[in-house]
Amino acid sequence: MTTKLTQTTVSRLSEEHPAGTQIYDSEAKGLRLVVGKHGISYKHVGRINDGTDRYVSVMIGRTDELSLRSARERSAELRLALRRGTDPRTKKVAVPTIQEALERYLEGRPDLSERTAAWYRQKVDGPLGGLRKLPADRIDREAVRSLHERLTKNSGPYCANGAMRVLKLLLNDVARTHDLPPNPVTRGVRMNKEQARDWAVGPDELPQLWRGLDAMEDRVRRACWLLMLTTGLRSTNARSVRWEHLEDEGVLFIPRAKSGRRFHLPLPRFMIQELGEVRELTKPLESQFIFPSATSKSGHIEQMVRLKSFPYAPHQMRHTYRTHALEAGVDFQSVTMLMDHANTHISFNYVTRAHLSSHLRECQERICARFLTYRGTNQNPPLNSEL
């Protein structure tokens, strides 16, 4: 039964029709009145545009609680949702806040180092603190644009860019499971120009670096510095290597790098000899770590920091290795593999590191030989040095 409904006619329908009667509203397509034993309710029925061609029925509310005008407005909303292919009966999952998004992201990335996870938290708790409790779908372009400009002015361009990168990452992660508008960081923020730090120790300063290394009284810590310099390993990976990771022929297994990958790294003969000396020095400690520490909770050296007698940063060794590797004539692709950097070139994905072990060792020897020329001696021990 189709009727042009008014608020007055709705009020007396229960008296005129028996329970079970459905009355169609001629003014709002899909809106129906359902007469029950104890009252009348509004209901919307429509076909969902999701390819299944099925009908969906949604109860809107009772006539004694909802006006006809409100029922028609809700019916129009439901009709639009069905046209879009959305089932309005599906319970909506709340969009996570930025703080919740961070926790969810970190939970799904157990491969991240503690330092990286702490950096993400610092950005959310600090520069992004004002957005922390907002649901991801409520963050707009104007908010992030003004925040980036304010951070640039008060905290500097690098801090502002870092905060925006974390926000962009979290919003993209939420968008994997929720319908969000285009990422406001991508659309609304013009990142500050950044200049890469030139940390590499140049040829003029390398002799001084060697003097600082050779003068170190702590020979275990000195060997850790040497490992970073002659292989380009990150500080975290270098400090935590175990004796069981040192395989035959002087190949060092890295169980987990920053990239989340594991890889094998051939060591130069000079470094193999240095580790042999470290083994003799640390035998009384009976530690599983190559660079043990009796005072750290982890059991290995915890920090490598600048000293007055050795004013270089740990990551500076990695920059120095990369620069001098290229100066030594090692091709860029080989340097990329030795440093475990990502390479997006499609042909690079077909290269197997294991098949290049001999080539990579030759590259390591060439790089190390270049470093040793600045030490004043270039005495490389034989490859079969006892470890």
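Select D25 to begin: in this predicted model its relative accessible area is 5%, so the residue is buried. With D25 still highlighted, look for the residue that its side chain meets, which is R72, and display the closest N and O atoms of this salt bridge, which lie 2.8 Å apart. Colouring the chain by secondary structure then helps to place the two partners, since D25 belongs to strand β2 (residues 22-25) and R72 to helix α2 (residues 68-83), so that the pair links distant parts of the chain, 47 residues apart. Turn next to the other end of the pair, where R72 has a relative accessibility of 24% and therefore counts as partly exposed, whereas D25 is buried.

This contact is one entry in a longer list, for the structure holds 20 salt bridges.

For a second stop, select R54, which is partly exposed with a relative accessible area of 31%. Adding D50 to the selection shows a salt bridge between the two side chains, at 3.0 Å from N to O, and D50 also counts as partly exposed, at 32% relative accessibility.

Keep R54 selected and add D87, because the side chains of R54 and D87 also meet in a salt bridge, here at 3.6 Å from N to O, inside the 4 Å limit that such a pair must satisfy. Follow the backbone between them and the pair is found to link distant parts of the chain: R54 sits in the loop between β4 (40-47) and β5 (55-62), while D87 sits in the loop between α2 and α3 (98-107), 33 residues apart. At 16% relative accessibility D87 falls under the 20% cut-off and therefore counts as buried.

Which residues do salt bridges with shared partners join into one network here? Show R89 together with the residues already selected at this stop, and the network is complete as D50, R54, D87 and R89.

The last stop concerns the cysteines, and a different kind of pair. How many disulfides does the count come to? The count comes to zero, and C368 is a useful residue on which to see the reason. Select C368 and C363 and display their sulfur atoms: the sulfur in C363 is the closest cysteine sulfur to that of C368, yet the two are 13 Å apart, which is too far for a bond, given that a disulfide needs sulfur atoms within 2.5 Å. C368 itself counts as buried, at 1% relative accessibility. Finish by selecting C159, which likewise counts as buried, at 19% relative accessibility.

Definitions and conventions:
Residues numbered from 1 in each chain as written. Predicted model: local features only at pLDDT ≥ 70, side-chain atom pairs only at ≥ 80, totals over all residues. Heavy atoms only, no water. Helix = DSSP H or I, 4+ residues; strand = E, 2+ residues; numbered from the N terminus. Buried < 20%, exposed > 50% of the residue type's maximum accessible area, 1.4 Å probe, protein only.
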